[in-house]
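User: I should like to learn how to read a protein model. Could you guide me through it step by step?

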Amino acid sequence: MSCKMGNFMNLRVFALLGVLLLAGCSGLSVRHLPSNPWKNEASQNIQMRYLAFQYQVIPVGNELGIVAEAYPVIDKLPDWASWYGEIMLSVYVSDEYGRVLASKDTVLVPRPLNREAGLPLEVSLDLGTNRHQPLSISFGYRLVLTDTARRGGGFWYRKGRSKNRRSAYAIRKGAGRC
């Protein structure tokens with residue numbers, strides 16, 4: 001009987017630890033992403049592994065407008081990549097601890113990968129009462145790079161074996177659970 005009671009107590013302790021862990025980690029965090037402090041109307045840059053963001057913050061009432069362009073980091077992209085198969089760019093506004101207070105994802109249409117041209121991004125975020133505390137701006141992205149445009153819909157990866165096995169290259173960097 002004591003063995004069953006001991007197992008039951010261990011189970012209760014682990015369940016309590018799990019609940020406490022989940023309760024303390026209920027939001028998104030960008031601590032692992034590069035960020036800049038919020039500066040009104042000043043042009044700023046954030047360099048990430050595959051994209052470099054040039055942006056400007058424009059406050060409009062309680063909202064925060066962000067106009068940006070994301071440029072590919074040429075030496076990090078595969079040489080064969082010539083097409084953005086999927087593009088999702090994210091903007092995060094966080095507090096001094098990296099907790100996400102507001103975010104917006106923007107999906108762009110597939111397009112040729114022009115190594116000199118930026119991907120446009122323009123968002124508006126409602127900050128509510130958070131506007132009067134120190135804030136930071138971070139970016140995230142999800143890209144699928146391919147060697148050709150998709151024909152007739154369907155999934156990006158080719159059926160069968162490709163000679164070069166480089167039909168698609170997926171990249172993701174964004175906010176995560178704390």
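**A buried serine and its strand**

Analyst: Let us begin with a single residue: S138 is buried, its relative accessible area being 0%. Here "buried" means under 20% relative accessible area, "exposed" over 50%, and "partly exposed" in between, with a 1.4 Å probe and protein chains only. This is a predicted model, in which local features need pLDDT of at least 70, side-chain atom pairs count only at pLDDT 80 or more, and totals for chains, interfaces and linings use all residues. Residues are numbered from 1 along each chain as its sequence is written, and side-chain values use heavy atoms, with hydrogens and water left out.

User: With which residues is S138 in contact, leaving aside its neighbours within four places in sequence?

Analyst: A contact means heavy atoms within 4.5 Å. Beyond those neighbours, S138 touches V30, L33, P34, S35, I46, S90, V91 and Y92.

User: In which strand is S138 placed?

Analyst: Helices (H or I, at least four residues) and strands (E, at least two) are DSSP runs, numbered from the N terminus. S138 belongs to strand β10, residues 136–146. The protein as a whole has one helix and 12 strands.

User: With which strands does β6 pair?

Analyst: Two strands pair if DSSP finds at least two bridges between them. Strand β6 is joined to β10 by 11 bridges, and the two run antiparallel; within this pair, E86 stands opposite V144. Eight bridges join β6 to β7 (residues 100–108), again antiparallel, with S94 and V100 as bridge partners. Two bridges link β6 to β8 (residues 111–112), also antiparallel, and there Y84 is partnered by R111.

User: What lies between β6 and β7 in their hairpin?

Analyst: Five residues lie between these strands, and in the hairpin G98 takes a positive phi near 85°.

User: Why is β6 described as largely enclosed by the rest of the structure?

Analyst: Strand β6 (residues 83–94) is so described because nine of its 12 residues are buried. Over the whole protein, buried residues make up 38% of the 178 residues.

User: Where is confidence lowest, and where is it highest?

Analyst: The score to read is pLDDT, the predictor's confidence in each residue, from 0 to 100. The protein averages 78, and 73% of the residues score at least 70. The lowest mean, 51, belongs to helix α1 (residues 2–23), and the highest, 94, to strand β3 (residues 43–47). Over residues 153–165 the pLDDT is below 50, yet this stretch has 17 contacts in the model beyond near neighbours in sequence.
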